[in-house]
Amino acid sequence: MSHLEQFYINGRWAAPSGDAKPFEVINPATEASEGTVHLAGRQDVDAAIQAARDAFDDFAATPLDQRLRMLNKLMEAYQKRLDDMADAISREMGAPRHGLAAKVQAPMGLGHIKSTLEAAKNFEFEQTLGRATVRREPAGVAALITPWNWPMNQVLCKVAPAIAAGCTMVLKPSEFAPLSAMVLAEIIDDAGLPAGVFNMIYGDGAEVGPMLSSDPRVDMVSLTGSTRAGASVSKEAADTFKRVSLELGGKSANIILPDADFQKAVGHGVQSMMNNTGQSCNAPSRMLVPADKLGEAEAIAARVCEKLTVGDPRDESTKLGPIANERQFKRVQSLIEKGQQEGAKLVCGGTGKPEGLDKGFYARPTVFSEVNNDMLIAREEIFGPVLVMIPYQNVDEAVAIANDSDYGLSGYVYGATIDDAKQVAARLRTGMVHLNGAQLDLPAPFGGYKHSGIGREWGVYGLEEFLETKSVFHP
């Protein structure tokens, strides 16, 4: 907490300028203050961008093996602070401390450093094509804008490849998740990155995002956030022809095929949806179920939700913590209410907090059934523990319903065999598809079609986002 009220600019901790505004950090489990950060003003943004700009030429010229040594030092420093990172994530956004925060959220950051190291070691930064040498060079100064739901996953899948590529950067984490970003800045400081390579400011996305996106000293913007934020960044970046990489929202369909192991398929789908209290952009939030098995699916879902322990993130028995902040809690509650107004069948959960949890932004695990794709709850990304079940008559209809969405981030298919699931996966207009409960794999690209974004993150594909291509022609 010692650096919470400071920014990290040009290799040192810096006090906010006079035009920065205080912002109280609220623990979503207790509604108590965790301290105060300052939201950057124009002077702070300018200082961070200039530090990155001044450092770029020297860092871009740094040999690859030296940058990889820096990443190794970062990995070692991060490993030492893994427990502190898990604690920060739990306090700022409510992930269960001993479960999700310690076992998944904090280690995901470490995983991205390792994955980037492997990708960069084997990457062809230079190759010969005909009579030309094709070079892959750092894109320049990168503005990194990240959300609160998977803090270190989304920060380090940008920071690590930016370092490997030779870019300098300005990180603007969510103002709702500043504790983990502060710990990361301390880790980077301990790792000894050259001054100006990594700069970090807090800020309101609606104000700071346009400043970063429109500034001619910034060469690219990588944002993970809402479609609204993605559109804003794209418009602000257009006048200076910046590269823009966007990882946005999703409303992913989970098709349960008629001959699937129903107990396993539905149970896994519900558990996956409720993970991280439903606050994942790739969550399987639309479960497509054969119409003649809808009642069976409802019963399974209700049983699974009954066993989910919602409560204090510090309690080792807790599976679901609170919604990450009050603003999001209110949005989730309003959409649950909307689902009831639209005539969807409430299988379990509903509005309000779970019994005995009066303090904190806790929501009830909620399942709606008899939903159709015209309902708002079937089209809007709710970003909370809310699953909608949509019946279908045949597989062709299921695929049509799945693809009838503005989003195209992820998809899920559960069949009797992998081959059955694979045939359906080939028809989905999404950037990713999970077959029969398969998990994510860090070397594989993460990203989506349509309103779910532009570009890809993770592994080699994430590294390429931070590189420009130069052809050098030889006589």
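**View 1. Trp13 is buried, with a relative accessibility of 17%, in an aromatic cluster of this predicted model.** Because buried means under 20% relative accessible area, Trp13 counts as buried at 17%, and its partner Tyr8 also counts as buried, at 3%. The ring centres of Tyr8 and Trp13 lie 5.2 Å apart with their planes at 65 degrees, so this pair is edge-to-face. Ring pairs join Tyr8 and Trp13 with Phe198 in a cluster.

**View 2. The rings of Phe446 and Trp458 form a stacked pair.** Their centres are 4.7 Å apart and their planes stand at 25 degrees. Phe446 belongs to the loop between strand S19 and strand S20, whereas Trp458 belongs to the loop between strand S21 and helix H15, so the pair ties together parts that are 12 residues apart in sequence. Phe446 is buried, with a relative accessible area of 6%, and Trp458 is buried at 4%.

**View 3. Glu247, in strand S11, carries the feature "active site" in an unreviewed UniProt entry.** Glu247 is buried, with a relative accessible area of 4%, and beyond its neighbours within four places in sequence it is in contact with several residues, among them Gln154, Cys281, Phe446 and Glu457.

**View 4. Cys157 is shown in a structure that holds zero disulfides.** A disulfide is a covalent bond between the sulfur atoms of two cysteines. The closest cysteine sulfur to that of Cys157 belongs to Cys281 and is 9.8 Å away, which is too far for a bond.

**View 5. Lys293 lies over the face of Phe262.** Lys293 is 5.0 Å from the centre of that ring, while the charged end of Lys353 sits over the ring of Phe329, 5.6 Å from its centre.

Methods
Residues numbered from 1 in each chain as written. Predicted model: local features only at pLDDT ≥ 70, side-chain atom pairs only at ≥ 80, totals over all residues. Heavy atoms only, no water. Disulfide = S-S within 2.5 Å. UniProt positions renumbered as here; feature names shortened; annotations may be inferred. Helix = DSSP H or I, 4+ residues; strand = E, 2+ residues; numbered from the N terminus. Buried < 20%, exposed > 50% of the residue type's maximum accessible area, 1.4 Å probe, protein only. Contact = heavy atoms within 4.5 Å. Phe/Tyr/Trp six-rings, centres within 6.5 Å; stacked < 30°, edge-to-face > 60°. Lys NZ or Arg CZ within 6 Å of the ring centre and 35° of its normal.
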